[in-house]
Amino acid sequence: MAIVNVTDQSFAAEVENGGTVLVDFWAPWCGPCKMIAPVLEEIDSEVGDKLKIAKLNVDENPDTSGRFGVMSIPTLMMFKDGEVVEKLVGFQPKEQLMDVLNKHI
């Protein structure tokens, strides 16, 4: 499954309609966001069918990032059936991310 870009308009349909979704709240100017992108690509290729990964640009989509209280980026939020079950702030090495993800997928 490919990583999807979500917006304020598509967030509910892509993320909150069920299933397990990891949302990366990011911005193009954020250095740690650029570092985590290839990690997420790797994870997507390994667990793609069990987990959807979505990216939300906080600069272009302030409503959704505000609704979930995103103060610093990157923030990764794990949604299960529309509910936030995990929140990670800052760059995470792949091993740490997989430990968290494996609890939910």
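The following legends describe close-up views of a predicted model.

**View 1. The open sheet and its edges.** Five strands make up an open sheet with mixed pairing, arranged in the order 1-3-2-4-5. Strand 1 (4–6) and strand 5 (83–89) occupy the edges; each has a single partner strand, so one side of each lacks a neighbour in the sheet. From one strand to the next, the twist averages 25°.

**View 2. Pairing of strand 1 with strand 3.** Strand 1 pairs with strand 3 (residues 52–57) in the parallel sense, over 3 bridges. Within this pair, Asn-5 lies opposite Lys-55 of strand 3.

**View 3. Strand 2 and its two partners.** Strand 2 is joined to strand 4 by 6 bridges, and these two strands run antiparallel. With strand 3, strand 2 pairs in the parallel sense, again over 6 bridges. Val-23 has bridge partners in both neighbours: Met-77 in strand 4 and Ala-54 in strand 3. The bridge partner of Val-21 in strand 3 is Lys-52. Between strand 2 and strand 3 the chain passes through helix 2 (residues 31–47), forming a right-handed β-α-β crossover.

**View 4. Burial of strand 2.** Of the 7 residues of strand 2, 7 are buried, so the strand is largely enclosed by the rest of the structure. Both of its faces are covered. One side carries Thr-20, Leu-22, Asp-24 and Trp-26, the other Val-21, Val-23 and Phe-25, and all of these residues are buried.

**View 5. Burial of strand 3.** Strand 3 is likewise mostly covered, with 6 of its 6 residues buried. Lys-52, Ala-54 and Leu-56 point one way from the strand, whereas Ile-53, Lys-55 and Asn-57 point the other way. Two of these residues also appear in the bridge pairs above: Lys-52 is the partner of Val-21, and Lys-55 stands opposite Asn-5.

**View 6. Helix 4 on the sheet.** Helix 4 (residues 94–102) packs on the sheet, where it touches strand 2 (20–26), strand 4 (75–80) and strand 5. The direction of helix 4 makes about 165° with that of strand 5. The buried residues of the helix pack against strand 2, strand 4 and strand 5, and also against helix 2.

**View 7. The two sides of helix 4.** Lys-94, Leu-97, Met-98, Val-100 and Leu-101 are the buried residues of helix 4. Viewed down the helix axis, these residues fall within an arc of 165°, so they line one face of the helix. An α-helix has 3.6 residues a turn, so residues three or four places apart point the same way. On the other side of helix 4, Glu-95 and Asp-99 are exposed.

Definitions and conventions: Residues numbered from 1 in each chain as written. Predicted model: local features only at pLDDT ≥ 70, side-chain atom pairs only at ≥ 80, totals over all residues. Heavy atoms only, no water. Pairing = 2+ DSSP bridges. Helix = DSSP H or I, 4+ residues; strand = E, 2+ residues; numbered from the N terminus. Axes fitted to C-alpha atoms, helices over the stretch in contact; angles between N-to-C directions. Contact = heavy atoms within 4.5 Å. Buried < 20%, exposed > 50% of the residue type's maximum accessible area, 1.4 Å probe, protein only. Right-handed = clockwise from strand over helix to strand, strands pointing away. Arc of directions from axis to C-beta.
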